[in-house]
Amino acid sequence: MLKKSILPVLVLLSTFAFQAQAKKEITMLVVPRDAKAIQIARDISHRYPVLLVSYLQEKDLLKLHAWNGESWIEISTEDYVNGAFFENQPGHAILIESANAPAPELLIPDGIWCDSGNRLVSTEPHVMIHLLGTYFDFPYLTWKKFSRRYGEPIARINPALINMYLWNTYGEDLWDKRDALDAEADMDKWLFLDITPPPPVEPVVIEEEPVAVEPAEIPATEPVESAIEEVVADEPVLAAKDAIELPEPVAVETPAADAEPVVDIINALEPAAGIDPFSAKEIPAAEIVLPEAK
């Protein structure tokens, strides 16, 4: 009987086995703007390193905000897509969405700044606590706190009795009920998120070796005699009367004192007032301050 109850637990834990190290890294929770869903995400962020992002889809407008530990900071969709809104990149992302309102595909992280992710297809409190608690590997006391805070029995938010010892099950009156619990409940709402890694950089291969370019002119092997040496010594010199007569110098008139000065063209090309074509006003990325893990 005991063996029968342990087997579903092992199956469930194996589903999350690859995420065992994820809770030690930064996990990004992308949550719809739902009061209860955001409250659960905030409670988890107080215990684990979480980057919390909220989204609201209004027709064609997507509004995004990130929690910096004290307040919500609005971020643009461009900063989200490029991963320019955080200081330390997350290693895993969990995109939470309602079953009736799927999250925009734009919210799927880029493989450049996030390696892996999951899609949680429910905003029901007990489902969120169950699947996120399994992902973060809640200890018994954390399961207990979430059970009291949200009024959900442990058997519903932790049907696999994760991290619950024998005396814990007796204290929660679950030892005799353990066989009736469905350890795989809600697992159909926990899906893999298709995050495409960036393509590898292929080395540039030079197929042909460069051909040497021949010089345009072959230098002479023998020195060329100076042109001065070729001048015939007895060549007659032109007489003074046969010399070329130069034209008389032309006098340049000085402009009158009252004449308008000529404007220098370069100095006249002044830039338009108030326009600086080299200015670049950039909006700094929001710095997300992550709470210390407790």
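Two strands pair here if DSSP finds at least two bridges between them. Helices (H or I, at least four residues) and strands (E, at least two) are DSSP runs, numbered from the N terminus. This is a predicted model, where local features need pLDDT of at least 70 and side-chain atom pairs count only at pLDDT 80 or more, while totals for chains, interfaces and linings use all residues. Residues are numbered from 1 along each chain as its sequence is written, and side-chain values use heavy atoms, with hydrogens and water left out.

**View A. The whole protein has eight helices and seven strands.** Of its 294 residues, 34% are buried (buried is under 20% relative accessible area, exposed over 50%, partly exposed in between, with a 1.4 Å probe and protein chains only). The accessible surface comes to about 21100 Å², and carbon and sulfur atoms hold 57% of that (Shrake-Rupley method, 1.4 Å probe; for residues, only the protein chains shown count as cover). Take the contacts (heavy atoms within 4.5 Å) between residues at least 6 apart in sequence: 68% of them join residues at least 24 apart.

**View B. Seven strands make an open sheet with mixed pairing.** Reading across, the order is β4-β3-β2-β1-β5-β6-β7. The edges are β4 (72-75) and β7, each with a partner on one side only. From one strand to the next, the twist averages 25 degrees; axes are lines fitted to C-alpha atoms, for helices over the stretch in contact, and angles run from 0 to 180 degrees between N-to-C directions.

**View C. β1 (residues 27-32) and β2 (residues 50-58) run parallel, with six bridges between them.** Look for Val-30, which sits opposite Val-53 in β2. Helix α2 (residues 35-45) packs on the sheet and touches β1, β2, β3 (61-67) and β4, its direction making about 165 degrees with that of β1. Helix α4 (residues 125-135) packs on the sheet as well, touching β1, β5, β6 and β7, at about 170 degrees to the direction of β5. Back on α2, the buried residues are Ala-37, Ile-38, Ile-40, Ala-41, Asp-43, Ile-44 and Ser-45. Their cover includes β1, β2, β4, α4 and α5.

**View D. β3 and β4 form an antiparallel pair with four bridges.** Leu-64 faces Ile-75 of β4 across the pairing. Four residues lie between the two strands of this hairpin, and Gly-69 takes a positive phi near 100 degrees; worth a glance if you care about backbone torsions.

**View E. Six of the six residues of β5 are buried.** Both faces of the strand are covered: one side carries His-92, Ile-94 and Ile-96, the other Ala-93, Leu-95 and Glu-97. β5 pairs in the parallel sense with β1 over four bridges, and Met-28 has Ala-93 as its bridge partner there. β5 and β6 run parallel too, joined by six bridges. Within that pairing, His-92 stands opposite Ser-116 in β6.

**View F. Arg-119 and Glu-105 make a salt bridge, with the closest N and O atoms 3.9 Å apart.** Arg-119 lies in strand β6 (residues 116-121) and Glu-105 in the loop between β5 (92-97) and β6, so the pair ties together parts that are 14 residues apart in sequence. The rule behind the term is a side-chain nitrogen of Lys or Arg within 4 Å of a carboxyl oxygen of Asp or Glu. Arg-119 is buried at 14% relative accessible area, whereas Glu-105 is exposed at 55%. Glu-97 joins these two in a network of salt bridges.

**View G. Lys-144 and Glu-172 meet in a salt bridge, 2.6 Å from N to O.** Lys-144 belongs to helix α5 (residues 140-150) and Glu-172 to the loop between α7 (166-171) and β7 (190-192), and the pair links these distant parts of the chain across 28 residues. Elsewhere, Glu-58 and Lys-63 form another salt bridge, their closest N and O atoms being 3.4 Å apart. Both partners are partly exposed: Glu-58 at 37% and Lys-63 at 29%. The full count is eight salt bridges.

**View H. Two stretches, residues 1-22 and residues 259-290, have pLDDT below 50.** pLDDT is the predictor's confidence in each residue, from 0 to 100. The protein averages 76, and 61% of its residues reach 70 or more. Residues 1-22 have 30 contacts in the model beyond near neighbours in sequence. For residues 259-290, there are 21 contacts beyond four places in sequence. Where pLDDT is low, the predicted coordinates should not be read in detail.
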